[in-house]
Amino acid sequence: MALEPIKISIDRDAVRAVESRLAHIKNGAERAMSRAINHTLGVTRTEASREIRSQVRLKAAYVREKLKVRKATTTNAKGSIQTPIRGQLLSRYPYTVYANNKGIGVSLKPGAGQRQRMPGAFEITFSNGVTAIAIRTKHGPGLGRSEGLKVLYGPSISQVFTDVKDDLQAPAGDRLTERLGVEAERLINQQ
């Protein structure tokens, strides 16, 4: 499933003005554009992380790690913010294991909300050391250790990113236009 990317539009007149101002500098417009795009992507990633964390309770470092930036170059003036499509293990969210096998409580939403109690849920550890939350779907003799288990997942970062990206497009476009002017000035002043 392909995700719809953030589409940031820039004023074409501003681009033409920068191209004419930097015509005397070799690859001037291309360098200014790639630098402006890369700066805008970095700031937009930070804002996207903040917006994602306002909807789900994930740690900032984890969200930042999952929001990958593909930078623009002077030969390819396209950049992107990419996220993995896979769901997040429920164990990535804050959870509590209740005493006496009474289940697990998971808090998906930020704020002072209640933990969602899941009776019968328990922790398992995969062979790679990752802890997950699971429930048993089948009971009875003859089931192996991992048969009849269902590992539980929460909303993926890409799902939440899809929700917040529309709010980020307009400010990112304004920031890109402004940053293009700053980068053009920087190149002119270096001459």
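**Exercise 1. The order of the elements**

In what order do the elements of the chain run from the N terminus on?

*Solution.* Begin by keeping in mind that the structure shown above is a predicted model. Then count the secondary structure of the chain, which comes to four helices and ten strands. Finally, follow the chain from the N terminus, and the elements run α-α-α-β-β-β-β-β-β-β-β-β-β-α.

**Exercise 2. The overall form of the chain**

Work out why the chain is described as more spread out than a compact globule.

*Solution.* First take the value that the globule rule gives for 191 residues, which is 16 Å. Next, set beside this the radius of gyration of the chain, which is 23 Å and therefore well over the value from the rule, so the chain is more spread out than a compact globule. As a further step, consider the box that the C-alpha atoms fill, which is roughly 80 × 35 × 25 Å when taken along the principal axes. To complete the picture, note that 35% of the 191 residues count as buried, and that residues 24 or more positions apart account for 58% of the contacts in the chain with a separation of 6 or more.

**Exercise 3. Surface and charge**

Describe the exposed area of the chain and its charged side chains.

*Solution.* Start with the area, of which the chain exposes about 11,900 Å², with carbon and sulfur atoms supplying 48% of it. Then turn to the charges, where the chain has 32 positive and 17 negative side chains. The centres of these two sets of side chains lie 11 Å apart.

**Exercise 4. The largest nonpolar core**

Which residues touch the most other members of the largest nonpolar core, and which element supplies the largest share of this core?

*Solution.* A general tendency gives the background: in soluble globular proteins, nonpolar side chains tend to be buried together. In this chain, the largest nonpolar core has 35 residues, and Ile52, Leu67, Met118 and Ile133 touch the most other members. At least two residues of this core come from each of α1 (12-21), α2 (28-53), α3 (60-66), β5 (104-106) and α4 (157-190). The largest share, nine residues, comes from α4. As a last step, look at Ile52 itself, which, when residues up to four places away in sequence are not counted, touches Val63, Leu67, Ile157, Val160, Phe161 and Val164.

**Exercise 5. Two residues of helix α4**

Decide whether Ala172 and Asn189 are buried or exposed.

*Solution.* Locate the residues first: Ala172 is found in helix α4, and Asn189 is found in helix α4 as well. Now apply the cut-offs, by which buried means under 20% relative accessible area and exposed means over 50%. Ala172 has a relative accessible area of 0%, so it is buried, whereas Asn189, at 60% relative accessibility, counts as exposed. Leaving aside neighbours within four places in sequence, Ala172 is in contact with Ile8, Thr40 and Thr44. The C-alpha atoms of Ala172 and Ile37 are separated by 9.7 Å, although these residues are 135 residues apart along the chain.

**Exercise 6. A residue in a strand**

With which residues is Gln116 in contact, leaving aside its neighbours within four places in sequence?

*Solution.* Find Gln116 in strand β6, which covers residues 116-118. Then check its accessibility, which is 54%, so that Gln116 counts as exposed. With the neighbours within four places in sequence left aside, Gln116 is in contact with Ile104, Gly105 and Val106. For a distance, take Gln116 and Thr96, which are 20 residues apart along the chain and whose C-alpha atoms are separated by 10.0 Å.

Technical notes: Residues numbered from 1 in each chain as written. Predicted model: local features only at pLDDT ≥ 70, side-chain atom pairs only at ≥ 80, totals over all residues. Heavy atoms only, no water. Rg over C-alpha atoms; globule rule 2.2 N^0.38 Å. Buried < 20%, exposed > 50% of the residue type's maximum accessible area, 1.4 Å probe, protein only. Contact = heavy atoms within 4.5 Å. Areas by Shrake-Rupley, 256 points an atom, 1.4 Å probe, with all protein chains shown as cover. Lys, Arg positive; Asp, Glu negative; His and termini not counted. Charge placed at Lys NZ, Arg CZ, Asp CG, Glu CD. Core = buried A, V, L, I, M, F, W, Y, C linked by side-chain atoms within 4.5 Å.
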